[in-house]
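Work through the exercises below with the sequence and the model in view. Try each task before reading its solution.

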Amino acid sequence: MAAMKPVLYSAAISSCSYRVRIALSLKGVEYEYRAVEWNDTDYEKINPIKYVPALQDGDILVSDSLAIILYLEDKYPQHLLLPQDLKRKALNLQIASIVCSSIQPLQCYAVIGLIKGKLGPDESLQIVHHYIDKGFRGN
Ligand SMILES: N[C@@H](CCC(=O)N[C@@H](CS)C(=O)NCC(=O)O)C(=O)O
């Protein structure tokens with residue numbers, strides 16, 4: 001019997017989902033794509049925090065892009081994403097972690113949406129630029 005394809009819960013404009021789709025593609029893993037709408041209440045049963053992405057692989061459910069990518073790295077050792085050299089591996093994980101925890105969450109819709117109406121679009125854009133620039137300079 002053919003193994004069931006993993007299911008990726010994703011959204012087209014989500015950068016977090018995008019990085020998982022890149023990892024799946026680099027590893028050549030076939031998967032089922034399920035588009036999640038922002039107001040989809042059923043999705044809460046898959047991921048109580050209601051963010052995309054999440055990956056269902058048989059009875060294993062993983063959410064959060066970096067956790068999913070590291071799961072894929074362990075499950076599908078072909079086309080390794082991380083270098084084996086300790087120093088280079090640490091640097092790669094540092095960059096990934098800075099993107100996931102020190103750039104994206106500080107300038108995402110969830111945060112910029114909170115100040116919507118209080119700041120103009122130019123000021124919001126400045127905040128976005130500030131954290132992206134700061135994060136990338138940190139690498
Ligand atoms: N740390 C999470 C963040 C997930 C996240 O923020 N996802 C965004 C899309 S990139 C989302 O679902 N936003 C919906 C919302 O803010 O309600 C990850 O890397 O997967």
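The exercises go from the whole chain to helix pairs, cores and single residues.

The model is predicted, so local features need pLDDT of at least 70 and side-chain atom pairs count only at pLDDT 80 or more, while totals for chains, interfaces and linings use all residues. Residues are numbered from 1 along each chain as its sequence is written, and side-chain values use heavy atoms, with hydrogens and water left out.

**Exercise 1. Describe the protein chain as a whole.**

Step 1. Take the secondary structure, where helices (H or I, at least four residues) and strands (E, at least two) are DSSP runs numbered from the N terminus. The protein chain has six helices and four strands.

Step 2. Put these elements in sequence order: the pattern reads β-α-β-α-β-β-α-α-α-α.

Step 3. Turn to extent and burial. The C-alpha trace spans about 55 × 40 × 20 Å along its principal axes. Buried means under 20% relative accessible area, exposed over 50%, and partly exposed in between (1.4 Å probe, protein chains only). Of the 139 residues in the protein chain, 32% count as buried.

Step 4. Look at the record. An unreviewed UniProt entry carries the annotation "domain: GST N-terminal" for residues 4–80; positions are given in the numbering used here, feature names are shortened, and annotations may be inferred rather than shown by experiment. Over residues 4–80 the chain is 36% helix and 21% strand.

**Exercise 2. Determine how α3 is oriented against α1 and against α4.**

Step 1. Fix the terms. Axes are lines fitted to C-alpha atoms, for helices over the stretch in contact, and angles run from 0 to 180 degrees between N-to-C directions. Angles under 35 degrees count as roughly parallel, over 145 as roughly antiparallel, 65 to 115 as roughly perpendicular and the rest as oblique.

Step 2. Compare α1 with α3. Their axes come within 9 Å and cross at roughly 10 degrees. The two helices are therefore roughly parallel to each other.

Step 3. List the residues in contact (heavy atoms within 4.5 Å). From α1 these are C16, R19, V20, A23, L24 and K27, and from α3 they are S65, I68, I69, L72 and E73.

Step 4. Sort the residues by class: Ala, Val, Leu, Ile, Met, Phe, Trp, Tyr, Cys and Pro count as nonpolar, Asp, Glu, Lys and Arg as charged, and the others, Gly among them, as polar. The contact of α1 with α3 has seven nonpolar, one polar and three charged residues.

Step 5. Repeat for α3 (residues 65–75) and α4 (residues 86–103), whose axes come within 10 Å and cross at roughly 150 degrees. α3 and α4 are therefore roughly antiparallel. Here S65, L66 and L70 of α3 meet L93, A96, S97 and C100 of α4. This contact has five nonpolar, two polar and no charged residues.

**Exercise 3. Find the nonpolar cores and the part α3 plays in the largest.**

Step 1. A nonpolar core is a set of buried Ala, Val, Leu, Ile, Met, Phe, Trp, Tyr and Cys residues joined through side-chain atoms within 4.5 Å. The largest has 12 residues, including L8, V29, V62 and Y76.

Step 2. Both α1 (15–27) and α3 supply at least two residues of this core. The largest share, four residues, comes from α3.

Step 3. Take L72, one of the core residues. Beyond its neighbours within four places in sequence, L72 is in contact with V20, A23, L24, K27 and L55.

Step 4. A second, separate core has seven residues, among them V7, V36, Y43 and A54.

**Exercise 4. Classify E73, Y9, A35 and L91 by accessibility.**

Step 1. E73 is in helix α3. Its relative accessibility is 9%, so E73 counts as buried. Outside the four places to either side in sequence, E73 is in contact with K27, H79, L80, L81 and L82.

Step 2. Y9 is in strand β1 (residues 7–10). With a relative accessible area of 10%, Y9 is buried. Residues that Y9 touches, beyond four places away in sequence, include S17, R34, I46 and Q56.

Step 3. A35 belongs to strand β2 (residues 32–35). A35 is exposed, at 56% relative accessible area. The C-alpha atoms of A35 and Y9 are 6.0 Å apart.

Step 4. L91 lies in helix α4. At 43% relative accessibility, L91 is partly exposed.
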